[in-house]
Amino acid sequence: MSLNEASKKAVLVTGGAGYIGSHAVKVLCDSGFTVTVVDNLSAGHLAAVDVRARFEEMDLGDLAGLCDVMERGRFDAVMHFAGSIEVGLSMKEPDLFFRNNVVCGQNLLEAMRRAGCGNIVFSSTAAVYGSPKQVPIPETARLFPTNYYGVTKMLFEELLKSYEVFYGINYIALRYFNAAGADSSGNLGEAHDPETHLIPLVLRAAAGGFAADSPAKTAPLKIFGTDYDTPDGTCIRDYIHVTDLVKAHVLALDYLLRNGKSDVFNLANGKGFSVREVISAAEKVTGKKIPYKDAARREGDPPVLIADCSKAKKVLGWEPVHSSLEEIIASAHKWHSSQNR
Ligand code: UFG
């Protein structure tokens, strides 16, 4: 899509104040799309929303409000990032995840249907696969989530299929593996509260190595499970730079707007790193010794998640360019250092 074509297109981004959503909003604005963000700011940050985007503070539970935004915006497409994301919490508060990821998601589809918006790019997840035997995991693998987060994302993928069949809304579901890193501008990064993701916590622990009053002193980094059937006993994940991830969203949107064909793609690098390998890489990047302690497994964690991402490369023409783990961690480190976390 040329810049001229893109500038005629209006996109609604849900969760555009969140970590991945805010990076996507920036890239959409850079590409010439007209962007409106809907976010309830329960987890996102208003300051992370690109100034070129229009912002509406709204919860997706508000169907009437959503219908109003959809009607007024005459959007060509929606990018849907809003939702609950912490795997561990999903096992403790499944009702919250069902509400935020399924019920609110259906509100969004309903508002799209009523307003005649026929395209959606959805943030799905590797968690829909559970612990598949076949690694790297292709998109055709059986969906069998081991945590409730994955269940709710799988249910929303089912809703997408239904809305396509019954109401002609086309979709692309992007199944992310482990998103990490930060935009090269240094203005955007990962800031969850509470933070549960490995790389930000590792960097926080690295900072604790020299800051006596750091939160890392009171909550040291824990390795969740050291007895998995992996070479060093810790879980293996496929980390993808957020910049590569959001580039894929724009390609997916372009594909959808051009071809109107629904599809599902894995997004990752196709390389796995254990928790211990992430800690060593972060020690190299930061030059600090990172304190940690071995702990029990976290409920719902699959031992190994590595993607087969050949389909996104072939069909969307996507190629990750920031694929080294050190580069991913270094970009996160730059941002976290600037935030004084
Ligand atoms: N981990 C630790 N200690 C921590 C935090 C994490 O050992 O303090 C481990 C986890 O147990 C896991 C790995 O580091 O083995 C990565 O954990 P994250 O919480 O950073 O990410 P998850 O793998 O749990 O979650 C990610 C994505 C989801 C995706 C999920 C698949 O955020 O979107 O992988 O299970 F669905």
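A crossing of two helices is called right-handed if the near helix is turned clockwise from the far one by less than a right angle, and left-handed if the turn is anticlockwise. In the predicted model described here, helix H2 passes helix H9 in a right-handed crossing. H2 covers residues 19–30 and H9 covers residues 242–259; the two pack at an angle of about 60 degrees, and their axes are 9 Å apart. Since angles of 65 to 115 degrees count as roughly perpendicular and those under 35 degrees as roughly parallel, H2 is therefore classed as oblique to H9. On the H2 side, the contact consists of Tyr19, Ile20, His23, Ala24, Val27 and Leu28, which meet Val242, Leu245, Val246, Val250 and Leu253 of H9. By class, the residues of this contact between H2 and H9 comprise 10 nonpolar, 1 polar and no charged.

Helix H7 takes part in two further packings, one with helix H12 and one with helix H10. For the pair formed by H7 (residues 198–208) and H12 (residues 325–339), the angle is about 60 degrees and the axes lie 10 Å apart. H7 and H12 are therefore oblique to each other, and their crossing is right-handed. Ile199, Pro200 and Leu203 of H7 make this contact with Ile328, Ile329, Ala332, His333 and His336 of H12. The residues in the contact of H7 with H12 divide into 6 nonpolar and 2 polar, with no charged residue.

The second partner, H10, spans residues 275–286 and packs with H7 at an angle of about 45 degrees, with an axis separation of 10 Å. This pair is therefore oblique as well, and H7 passes H10 in a right-handed crossing. The contact involves Leu198, Ile199, Val202, Leu203 and Ala206 from H7, together with Val275, Val278, Ile279, Ala282 and Thr286 from H10. In the contact of H7 with H10, 9 residues are nonpolar, 1 is polar and none is charged. Ile199 and Leu203 of H7 thus appear in the contact with H12 and in the contact with H10.

The backbone was also examined for cis peptide bonds and positive phi values. Most residues other than glycine have a negative phi, and most peptide bonds are trans. A cis peptide bond is found between Val135 and Pro136, where omega is about 0 degrees. Pro136 is placed in the loop between strand E5 (119–125) and helix H6 (148–167). Another cis peptide bond joins Asp193 to Pro194, with omega about 5 degrees. Pro194 belongs to the loop between strand E7 (178–180) and H7. At Leu41, a residue other than glycine, phi is positive, with a value near 60 degrees. Leu41 is located in the loop between strand E2 (34–39) and strand E3 (54–57).

The ligand is surrounded by 21 residues, of which Thr125, Lys222, Arg237, Arg298 and Asp301 are the closest. For Asp301, an N or O atom of the side chain is 2.5 Å from an oxygen atom of the ligand. Lys222 contributes a polar backbone atom, which is 2.7 Å from a nitrogen atom of the ligand. An oxygen atom of the ligand is also 3.1 Å from an N or O atom in the side chain of Tyr149.

Key: Residues are numbered from 1 along each chain as its sequence is written. This is a predicted model: local features need pLDDT of at least 70, side-chain atom pairs count only at pLDDT 80 or more; totals for chains, interfaces and linings use all residues. Side-chain values use heavy atoms; hydrogens and water are left out. Axes are lines fitted to C-alpha atoms, for helices over the stretch in contact, and angles run from 0 to 180 degrees between N-to-C directions. Helices (H or I, at least four residues) and strands (E, at least two) are DSSP runs, numbered from the N terminus. Angles under 35 degrees count as roughly parallel, over 145 as roughly antiparallel, 65 to 115 as roughly perpendicular and the rest as oblique. Contact means heavy atoms within 4.5 Å. Ala, Val, Leu, Ile, Met, Phe, Trp, Tyr, Cys and Pro count as nonpolar, Asp, Glu, Lys and Arg as charged, and the others, Gly among them, as polar. A residue is near a molecule or strand if one of its heavy atoms lies within 4 Å of it. A polar contact is a pair of N or O atoms within 3.5 Å; within protein, one must be able to donate a hydrogen and the other to accept it, and residues adjacent in sequence count only if both atoms are side-chain atoms.
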